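Please look over the sequence and the model below. The report takes the fold apart piece by piece.

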Amino acid sequence: MSENESELLKVKREKFENLKTNGKNPFEITSFCKDSDIEDIKSNFDIFENKIVNFAGRMIGWRDMGKASFFDLRDKTGNIQIYLKSNDIGLDLYTEIKENWDIGDIIGVKGFIFKTKKGEISVHSQKLTLLSKSFLSLPEKFHGLKDTDTRYRQRYVDLIVNPEIKDVFIKRSLIIKTIREYLDNLGYTEVETPMLNLIAGGAAAKPFVTHHNSLNLDLYLRIAPELYLKRLIVGGMEKVYEIGRQFRNEGMSVKHNPEFTTMELYEAYADYQKMMDITENIIRNCALKVCKTEKIFYQDFEEIDLGKKFERLSMIDAVKKYTNIDFSKFVGNKSKAFEIAENLNIKIEEIDEWGDILNKVFEEKVEENLIQPTFIYDYPVEVSPLTKKKKSFPELTERFELFITKREISNAYSELNDPVDQRERFNHQIKLRESGNQEANLMDEDFITAIEYGMPPTGGLGIGIDRLVMFLTNSASIRDVIIFPTMKPKV
C-alpha cells in the first residue's frame with residue numbers, strides 16, 4: 001500500500017469512528033427493504049415518475065453543490081443520479097453525509113422519481129441510510145480497473161468498477177440454465193457423482209491428489225464424471241447428465257484453468273450421430289437465448305454462422321483436405337505414418353502407433369483451420385480408450401469432437417460397452433503410463449464389473465462450459481469467464 005493510500009485509509013477510518021461516536025455505526029444495520037431496481041425505474045419512467053421508491057446500492061460519484069448535492073448510485077442493474085437537499089433530509093444528516101460518507105459506501109435511498117432540466121432520470125431523496133462503510137478507495141472512475149492480474153485477483157473490485165464484466169457472468173448463468181432446460185425437456189435426469197475418486201478415470205489428464213485422514217487413503221479430485229455416469233446407465237437410468245467442476249493438474253493458458261466446468265450426458269440406445277444433433281441444438285439454443293442471434297462474432301474471426309447445419313468431416317478426410325495425405329491408404333502401417341510425421345516436422349514418440357500419428361497430424365495441421373462449426377468424427381482407437389470401435393473400420397472409433405474458432409467445444413462417443421475390449425483398452429493405457437505418460441487412464445476394475453452386468457448401447461457427450469461461454473460472450477481468455485480463476489499467489 002502506497003503512502004497516499006495509507007493516508008486515505010486513515011481518513012476513512014476516522015470518518016467511521018466519528019459515525020460510531022455519534023451512534024451511527026452502519027455495520028449495526030441488519031437489513032434494508034428494497035422495492036425497486038435502478039434499471040426498472042429507468043426503463044419504466046412513465047410508471048415510476050413521482051412515485052416513492054426504496055432501493056440501495058454503492059455510491060460511485062459525488063458532486064457538492066453547497067446546500068444541494070448529487071451523487072451517483074449503482075446497484076446490480078445500473079446507475080442513477082440521486083439529488084439531495086439539506087431542507088429535505090435535514091441539515092444534520094446532510095452535514096454528516098458531506099463530512100463522513102465516501103465514494104464506495106453502500107447507501108439505502110427513499111425518494112421520488114423525476115427528471116432534471118437536462119432530462120436525466122433522477123431520484124429526489126427524502127431519506128438516506130448508510131448501510132456499509134467502504135475503507136478502501138475504488139480505482140479512479142475514468143480509467144477503471146484495467147490491469148488483468150488485479151482484475152482476476154480482486155474480482156469484487158472488477159465487478160464494482162467494470163459493470164460490463166457482470167454481464168459475462170449473468171450470461172454464463174443463462175447458458176447453463178438453457179442447457180438444463182433443454183435436457184430436462186428431453187427427459188434427462190440431472191445427477192451428482194463423486195468429486196473424490198479412488199481412480200482418476202474418464203479422461204486423459206494428470207489429477208490432483210489429496211488424502212483422506214480417517215480412511216488413510218489417497219484420493220483423486222475427479223478429472224471427469226464419465227465412468228460414474230455410465231454406471232448409472234448400467235443401473236437403468238437411461239438418460240442422465242451432470243453439470244459440475246472437473247480438476248486437472250496441468251498447465252494454464254487462455255484455454256485452460258486447473259478447475260473448470262463441464263456438462264456430460266449419457267443416453268441409452270443412442271449413438272454418436274444422435275449426440276451430434278443434441279450438441280448442435282444445445283449450442284444453437286444457447287446462442288439464441290444469450291446473443292439473440294445465430295450469427296456470432298468472436299474476437300478477430302470471421303462471422304460464425306450457427307444457423308447452418310454444422311459441417312461433418314471424418315478425421316481422415318479432414319487430414320486429407322488440409323494436408324493432401326490420405327491415411328486410409330496405409331492403415332496400420334506404423335513406419336509409413338512415422339515417415340509422414342517426419343516430413344511434416346511433427347514430434348512423435350517410439351511408442352506411437354498409426355492412430356496416434358494420425359491424431360497428431362490432425363492436431364498440428366488441421367485444427368488451426370476449423371473456424372466455422374465442424375464435427376470431426378471417427379477418431380483412432382489409440383486415443384479413444386472408452387469408445388466403441390467402428391464396425392466397418394476397426395482401427396477407428398465412433399467418436400467426435402466439435403471445433404469452433406479453432407477450439408474444441410465438445411467431445412462425444414458411442415460408448416464402449418464390451419467389457420473384454422474395455423479391459424484390453426485399459427491395459428494398453430497402463431503400458432502408456434509405464435512408458436512415462438502420466439495422463440494415461442488407470443485400470444478401473446469396478447467399472448469393468450459394472451459393464452459386465454450389461455450396459456446398453458449408449459451415446460455420451462461432454463461440453464466445455466467455460467469455452468462455450470468464452471465463445472458466446474466474446475471473451476479472449478478462460479479467466480474472463482471463470483469468476484475466481486486460479487492465480488499464483490503474490491510474493
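What follows goes from the whole chain to sheets, cores, rings and one buried side chain.

## Overall picture

This is a predicted model. The protein has 491 residues, and 51% of them are buried. Its secondary structure comes to 16 helices and 20 strands. The C-alpha atoms fill a box of roughly 90 × 55 × 50 Å along the principal axes.

Contacts across the sequence can be put in one figure. Take contacts between residues at least 6 apart in sequence: 63% of them join residues at least 24 apart.

## Strands around β4 and β5

Strand β4 covers residues 106-115 and runs antiparallel to β1, residues 52-64. Seven bridges join β1 and β4. In this pairing, F55 stands opposite V109 of β4. β4 also pairs with β5, again in the antiparallel sense, over 10 bridges. Two opposite positions help to place the register: I113 faces V123 in β5, and K110 faces K127 in β5.

β4 and β5 form a hairpin, with five residues between them. In the turn, G119 has a positive phi of about 85°. β5 itself is mostly covered, with nine of its 12 residues buried. β5 has a parallel partner too: three bridges join it to β3, residues 78-85. There, Q81 stands opposite S122 in β5.

## A three-stranded open sheet

Another sheet is open and has three strands, in the order β7-β9-β8. Its pairing is antiparallel. The edge strands are β7 (196-197) and β8 (209-212), and each of them pairs on one side only. Four bridges connect β8 with β9, residues 217-221. T210 stands opposite L219 in β9.

## Nonpolar cores

Which residues touch the most other members of the largest nonpolar core? They are I179 and M263, in a core of 46 residues. Several elements give two or more residues to this core: α8 (163-185), β10 (239-247), β11 (259-268), α10 (272-291), β18 (399-404), β19 (407-414), β20 (458-464) and α16 (465-472). α10 gives the most, with nine residues. In soluble globular proteins, nonpolar side chains tend to be buried together.

I179 touches I243, M263, I282, C286, I465 and L468, leaving aside residues up to four places away in sequence. Apart from this core lies another, of 26 residues. Its members include I325, F362, I376 and F403.

## Helix α16

How many of the residues of α16 are buried? Eight of its eight are, and the helix is mostly covered. The buried set is I465, D466, R467, L468, V469, M470, F471 and L472. Two of these residues, I465 and L468, are contacts of I179. N474 follows α16 and has a positive phi, near 55°.

## Aromatic rings

A search of the whole structure finds 15 aromatic pairs. One of them joins F27 and F135 edge-to-face, at 6.2 Å centre to centre and 75° between the planes. The pair links distant parts of the chain, 108 residues apart. F27 is in the loop between α1 (3-21) and α2 (38-43). F135 is in the loop between β5 (121-132) and α6 (148-153).

Is F27 buried, partly exposed or exposed? F27 counts as partly exposed because its relative accessible area is 42%, which lies between the limits of 20% and 50%.

Ring pairs also link F70, Y83, F112 and F114 into a cluster. Elsewhere, R231 lies over the face of Y228, at 4.8 Å from the ring centre.

## N100 in helix α5

N100 lies in helix α5, residues 91-100. Why does N100 count as buried? Its relative accessible area is 8%, and the cut-off for buried is under 20%.

N100 has a polar contact with N18: their side chains are joined at 3.4 Å. Beyond residues up to four places away in sequence, N100 touches K15, N18, L19, D105 and K133. N18 thus appears both as a polar partner and in the contact list of N100.

Methods. Residues are numbered from 1 along each chain as its sequence is written. This is a predicted model: local features need pLDDT of at least 70, side-chain atom pairs count only at pLDDT 80 or more; totals for chains, interfaces and linings use all residues. Side-chain values use heavy atoms; hydrogens and water are left out. Buried means under 20% relative accessible area, exposed over 50%, partly exposed in between (1.4 Å probe, protein chains only). A polar contact is a pair of N or O atoms within 3.5 Å; within protein, one must be able to donate a hydrogen and the other to accept it, and residues adjacent in sequence count only if both atoms are side-chain atoms. Contact means heavy atoms within 4.5 Å. Two strands pair if DSSP finds at least two bridges between them. Rings of Phe, Tyr and Trp (its six-membered ring) pair if their centres lie within 6.5 Å; planes under 30 degrees apart count as stacked, over 60 as edge-to-face and the rest as tilted. A charge sits over a ring if NZ of Lys or CZ of Arg is within 6 Å of the ring centre and within 35 degrees of the ring normal. A nonpolar core is a set of buried Ala, Val, Leu, Ile, Met, Phe, Trp, Tyr and Cys residues joined through side-chain atoms within 4.5 Å.
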